[in-house]
Amino acid sequence: MALSISRRIVRSFGSLSALGFREYPTVAGRSFQASECFSFSKGGPSFLGFRRFSTTILTPDSNGGAFPSDLLSSKTVLTPERTIGLYEDLVVPVTNFHNEDHGLMVLAGDVFDVPIRKDIIHRVVRWQLAKRQQGTHSTKTISEVSGTGRKPWQQKGLGRARHGSLRGPQFRGGATMHGPKPRSHAFKLNKKVRRLGLKIALSARAAEGKLLVFEDLEVSTHKTKNIVNYVNQMENTKKLLLVDGGPINEKLKLATQNLHYVNVLPSIGLNVYSILQHDALVMSRDAVNRIVERMHTPINR
């Protein structure tokens, strides 16, 4: 039945020889690979046709075998660039320090693919820098500066300007008027804006291809040279930020503490300013899950 239907289909398009198919008798004990030929047979003679067309894009540099070189494409195959900020889930490969394949991971689009807004990044960075400023600057007022409280000279009769103390701001070693005093420079920034800033920073690294996901950040030894060799293999990377889900592994901490261009953070400490200070961001699978969970947690008012 299958043979008769196949013959009808071939006759509707023309003869087998016109389509490039050749008839062969059934050969017992000989097998044909699917990549080399295909057959239509059911209890009768087989029709084997060698494949003339390929669905694989071949170039002159690739190993085309017996494929005619004049039919190979010499053009570079380009993939369309992805539009950023469409809240689409991203699929990234998962590896480790040994470049071993650990499958794939889906990154939430509402965390790793949000529109890039520089104004939000600017506000969050200013908030971070102001909040971490110590504010220990202090100057002495007229009551704090060292010196006598005696009136330097009489009020009248000498032709000099009247003064009541030598600790005034107009004298050398005197007080400072309206000078800085210890205070906090922090200001309020809405939690929604702070959370959006972190999403934008993660989305920017993901769009640049500078976001890597590892199965874990476990290292076999505390030797620094292993981390140095891995960083040297990365292209266009001068500073690297490693983010783990929970507490930092002791071996990893020892391996990176002497490298000024490699820093390690737990997921709870991930922030916008640290992401911007490093060229590449490496996150463990656990860290990604914790960050996504934190971004999806409702804001307490």
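The legends below describe close-up views of a predicted model.

**Figure 1. Overview of the predicted protein chain.** The protein is built from 8 helices and 9 strands. It has 301 residues, of which 32% count as buried. Among contacts with a sequence separation of 6 or more, 66% join residues 24 or more positions apart.

**Figure 2. Packing of helix H3 against helix H4.** H3 covers residues 118-132, and H4 covers residues 191-208. The two axes are 9 Å apart and meet at an angle of about 115 degrees. Angles of 65 to 115 degrees count as roughly perpendicular, and H3 and H4 are therefore placed in that class. Their crossing is left-handed. On the H3 side the contact is made by Ile 120, Ile 121, Arg 123, Val 124 and Trp 127. On the H4 side the residues are Val 193, Arg 194, Leu 196, Gly 197, Ile 200 and Ala 201. By class, the residues of this contact are 8 nonpolar, 1 polar and 2 charged.

**Figure 3. Packing of helix H4 against helix H8.** H8 covers residues 285-296, and its axis comes within 11 Å of the axis of H4. The crossing angle is roughly 145 degrees, and the crossing of H4 with H8 is left-handed. H4 contributes Arg 195, Leu 198, Lys 199 and Leu 202 to the contact, while H8 contributes Ile 291, Arg 294 and Met 295. These residues divide into 4 nonpolar and 3 charged, with no polar residue.

**Figure 4. Surroundings of Ser 165 in the loop between H3 and H4.** The relative accessible area of Ser 165 is 17%. The limit for a buried residue is under 20%, so Ser 165 counts as buried. A polar atom of the Ser 165 side chain lies 3.1 Å from the backbone nitrogen of Arg 167. Leaving aside residues up to four places away in sequence, Ser 165 touches Thr 148, Arg 150, Pro 152 and Phe 171.

**Figure 5. Surroundings of Asp 216 in the loop between strand S6 and helix H5.** Strand S6 spans 211-214 and helix H5 spans 224-233. Asp 216 has a relative accessible area of 33% and is partly exposed. A polar atom of the Asp 216 side chain lies 3.3 Å from the backbone nitrogen of Glu 218. Thr 95 is 121 residues away from Asp 216 in sequence, yet their C-alpha atoms are 8.5 Å apart in space.

**Figure 6. Asn 99, a residue with positive phi.** Most residues other than glycine have a negative phi. Phi of Asn 99 is near 60 degrees. Asn 99 lies in the loop that runs between strand S4 (90-95) and strand S5 (104-107). Its relative accessibility is 51%; the exposed class begins over 50%, and Asn 99 therefore counts as exposed.

**Figure 7. Asn 236, a residue with positive phi.** Phi of Asn 236 is near 55 degrees, a positive value in a residue other than glycine. Asn 236 is located in the loop between H5 and strand S7, the latter spanning 240-244. Asn 236 has a relative accessibility of 68% and counts as exposed.

Conventions. Residues are numbered from 1 along each chain as its sequence is written. This is a predicted model: local features need pLDDT of at least 70, side-chain atom pairs count only at pLDDT 80 or more; totals for chains, interfaces and linings use all residues. Side-chain values use heavy atoms; hydrogens and water are left out. Axes are lines fitted to C-alpha atoms, for helices over the stretch in contact, and angles run from 0 to 180 degrees between N-to-C directions. Helices (H or I, at least four residues) and strands (E, at least two) are DSSP runs, numbered from the N terminus. A crossing is left-handed if the near helix is turned anticlockwise from the far one by less than a right angle, and right-handed if clockwise. Contact means heavy atoms within 4.5 Å. Ala, Val, Leu, Ile, Met, Phe, Trp, Tyr, Cys and Pro count as nonpolar, Asp, Glu, Lys and Arg as charged, and the others, Gly among them, as polar. Angles under 35 degrees count as roughly parallel, over 145 as roughly antiparallel, 65 to 115 as roughly perpendicular and the rest as oblique. Buried means under 20% relative accessible area, exposed over 50%, partly exposed in between (1.4 Å probe, protein chains only). A polar contact is a pair of N or O atoms within 3.5 Å; within protein, one must be able to donate a hydrogen and the other to accept it, and residues adjacent in sequence count only if both atoms are side-chain atoms.
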